[in-house]
Amino acid sequence: MLEYASLVLWLPYIALLVHTIEELPEFSSWSTRHFRDMSAMQHAVIQSIMLIVLLVCSVMATAEESNGVWIIIVAGFQLHVGLNALFHIVMAVRFREYSPGMLTGIAVSLPTTFVFFGYVSQHAILTGTAYAIAITAGVLLAAAAVGNLFLPRKSNKKTMRAEI
């Protein structure tokens, strides 16, 4: 059981890694068209930081002396990954075009979210309070990721001069 439990705790990292690989080539230009200016480098840095943090959390969550805090954080990330998949689906419908990341969102992120939370619930890995904290953290992380897309656009001097 420990081996399967350890694998389950790695699902958020695996899902985010695969999802990031799909997103990297086109998400920044898609975001720039629909939300705010985002360079490929900015997107890569944001994703890399999340992957590093999640890697550390996954290692700590599967350590023998692990306490529940690491599992709560990993669970929060998994919820974020699942909610991010829903974001891609909604945006594809909204803009009537493919949202980079939607394929892995549907094929990887949503299934891993169901498997993860199904396993965590079935084996009572988190207490009710810990579950509530993980859900809150995941929703906040997802809201921050989407909110980042709505930050003001950088001012363009040429555009500003034309307006004056």
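**Helix packing and the largest pocket**

The largest pocket encloses about 320 Å³ of space. The model in which this pocket was found is a predicted one. Lining the largest pocket are 20 residues, and those nearest its centre are Ile46, Gln47, Met50, His80 and Ala145. At least two lining residues come from each of helix 1 (2-23), helix 3 (40-62), helix 4 and helix 6 (128-148). Helix 6 provides the largest share of the lining, with 6 residues. By class, the lining consists of 13 nonpolar residues, 6 polar residues and 1 charged residue. In general, empty space of this kind is revealed by rolling a probe the size of a water molecule over the atoms.

The protein as a whole contains 7 helices and 0 strands. Its elements follow one another along the sequence in the pattern α-α-α-α-α-α-α. The C-alpha trace extends over about 65 × 30 × 25 Å along the principal axes of the protein.

The packing of helices is considered next. Two packed helices are described by the distance between their axes and by the angle between those axes. Three pairs that involve helix 4 are described here in turn.

In the pair formed by helix 3 and helix 4, the axes come within 8 Å and the crossing angle is roughly 135°. The two helices, helix 3 and helix 4, are therefore oblique to each other. Their crossing is left-handed. On the side of helix 3, the contact involves Met50, Val53, Leu54, Cys57, Ser58, Met60 and Ala61, while helix 4 contributes Trp70, Ile71, Ile73, Val74, Phe77 and His80. Of the residues in this contact, 11 are nonpolar, 2 are polar and none is charged. Two participants in the contact, Met50 of helix 3 and His80 of helix 4, are also among the residues nearest the centre of the largest pocket.

The axes of helix 4 and helix 6 come within 7 Å and cross at roughly 45°. This angle makes helix 4 oblique to helix 6. Helix 4 passes helix 6 in a crossing that is right-handed. The residues of helix 4 in this contact are Ile72, Ala75, Gly76, Phe77, Leu79, His80, Leu83 and Phe87; they meet Ala130, Ile133, Ala134, Ile135, Gly138, Val139, Leu141, Ala142, Ala145 and Val146 of helix 6. The contact of helix 4 with helix 6 comprises 15 nonpolar residues, 3 polar residues and no charged ones. His80 and Ala145, which take part in this contact, are likewise listed among the residues nearest the centre of the largest pocket.

For helix 2 (residues 27-34) and helix 4 (residues 68-95), the axes come within 13 Å and cross at roughly 50°. Helix 2 is thus oblique to helix 4. The crossing of helix 2 past helix 4 is left-handed. Phe27, Trp30 and His34 are the residues of helix 2 in the contact, and their partners in helix 4 are Phe87, His88, Met91 and Phe95. This contact has 5 nonpolar and 2 polar residues, with no charged residue. Phe87 of helix 4 meets helix 2 and also belongs to the contact with helix 6.

Note on methods:
Residues numbered from 1 in each chain as written. Predicted model: local features only at pLDDT ≥ 70, side-chain atom pairs only at ≥ 80, totals over all residues. Heavy atoms only, no water. Axes fitted to C-alpha atoms, helices over the stretch in contact; angles between N-to-C directions. Helix = DSSP H or I, 4+ residues; strand = E, 2+ residues; numbered from the N terminus. Parallel < 35°, antiparallel > 145°, perpendicular 65-115°, else oblique. Left-handed = near helix turned anticlockwise from the far one by under 90°. Contact = heavy atoms within 4.5 Å. Nonpolar A, V, L, I, M, F, W, Y, C, P; charged D, E, K, R; others polar. 1 Å grid on protein atoms, 1.4 Å probe; cavity = no way out; pocket = protein on both sides within 12 Å on 5 of 7 lines; lining within 4 Å. Points joined across faces, edges and corners; volume = space filled by probe spheres on them.
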